[in-house]
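Colleague: Could we go through this model together? I'd like to hear the reasoning behind the labels.

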Amino acid sequence: GFSLPINSYLHPNPHNSAFSLPITIYSHPNSSQHEFSLPILFYTHPNSCHTAFSLPITIYSHPNPALPAFSLPITIDSHPNPRNSSFSLPITILSSYFNLQMSECFKKGNILPLVELVIIQRGPKMSNIQILEMDSQLLEGVGSFCLRSKKKSNGYINKNKWLNTQFEEGLKYVQLIENKKQVGFIEYTESENSSRVVFAANYLVIHCLWVSENGKGYGTKLIQKCIQDAKASSKSGVVVLTNPETSWTPSKEIFIKNQFKQTETGPHHFELLVYPLKPNDSLPTFPTNWEERTQKYEGLTILRSFQCPYVEIATENIKTAARTLGIDVNIIDLKTREQLMELAPTPYGIYSVVFKRELISFHRLTVRTATKRLRELM
């Protein structure tokens, strides 16, 4: 079972400061067997003289989706602020099957002379949603998400090898499971080990975010998991790279919805979005020598990393187009963070095609499109 009792006997500063006790519950520690209880008792008002009091509680998933019994009793034995300040107890429930009983006992005055208030909110039966943080053992059984229909392909095999290596460096690969089906995933890591070309010391960097269906809250659950990990690790914030010109980066809108701010733009429509946790820390930035980087490559050159399984397919399409045109291909495998930061000609980092000192693409092209672009530069 799970229990989180909170007893507030005295306010930390009862004279001139507001009081806030935010509680966020993302999932139950044991979602299959036990009930959940969150009793909160206030014996004296946290600040009974001048300032406001707030106890926001947000529940993102039902604490026990298998057993619909859920209890959140709140007892307040004295009025939160009997004089002249406001009192707030917002409770947001982003799940179904919920029972809230609140009793308020007042023996003095005429403020809210209500002995017992019972609020019951119920909704349709909620699906069983689990957040699964992958490791090498789980990866062997479940596998990564992208290209999962072609598990024998080189791209899929290389991606799983890359993941196993990166797990040792702290990378998080988190899948969202609903009714035993994968409905989303997010991949993120510390900036010092990330595959994006951005200066972001002490930030977490999101590589990928994908959900099977919009409007279900899947993306928010995964983003909030990343933000909570950043807070727990005392990070300066979270960074993500977006680009409206390609599906190889996450969509910008879901991050704006989750309070990310765009702080910088880069070449080829790349955008840098940040969720800052420490306002006094420096914001992440892009390098500024992008044009200089492409000038190094006269011949057809592919710079790549296997952070994305589709890089292998993208590479083969370029090689096929090059054979058609009689062009030799030079492939540079970016194996370290230092190589990526020095050589990659776009913020995306893990895949770039350069020919005649011009960027051809940073995502997969069909053989036909690749042939056309190469012929134009010959």
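Colleague: How do the residues of the lining of the second largest pocket divide into nonpolar, polar and charged?

Modeller: Happy to help, and keep in mind that this is a predicted model. That lining has four nonpolar, seven polar and five charged residues.

Colleague: Where is this second largest pocket, and which residues are closest to its centre?

Modeller: The second largest pocket holds about 410 Å³ of space. Trp162, Gln166, Ser305, Leu334 and Lys335 are the closest to its centre, out of 16 lining residues. Helix H2 (154–167) and helix H7 (337–343) each give two or more residues to that lining, and the largest share, three residues, comes from H2.

Colleague: Why is Asn202 called partly exposed?

Modeller: Its relative accessible area is 26%. Buried means under 20% and exposed means over 50%, so Asn202, at 26%, counts as partly exposed. Asn202 sits in the loop between strand E16 (181–190) and strand E17 (203–211).

Colleague: And what makes Arg357 partly exposed?

Modeller: The relative accessible area of Arg357 is 37%, which again falls between the 20% and 50% cut-offs, so the label is partly exposed. Arg357 belongs to the loop between strand E23 (351–355) and strand E24 (358–361).

Colleague: What is the phi of Arg357?

Modeller: Phi is near 65° for Arg357, a positive value in a residue that is not glycine. Asn202, also not a glycine, has a positive phi of about 70°.

Terms used
Residues numbered from 1 in each chain as written. Predicted model: local features only at pLDDT ≥ 70, side-chain atom pairs only at ≥ 80, totals over all residues. Heavy atoms only, no water. Helix = DSSP H or I, 4+ residues; strand = E, 2+ residues; numbered from the N terminus. Buried < 20%, exposed > 50% of the residue type's maximum accessible area, 1.4 Å probe, protein only. 1 Å grid on protein atoms, 1.4 Å probe; cavity = no way out; pocket = protein on both sides within 12 Å on 5 of 7 lines; lining within 4 Å. Points joined across faces, edges and corners; volume = space filled by probe spheres on them. Nonpolar A, V, L, I, M, F, W, Y, C, P; charged D, E, K, R; others polar.
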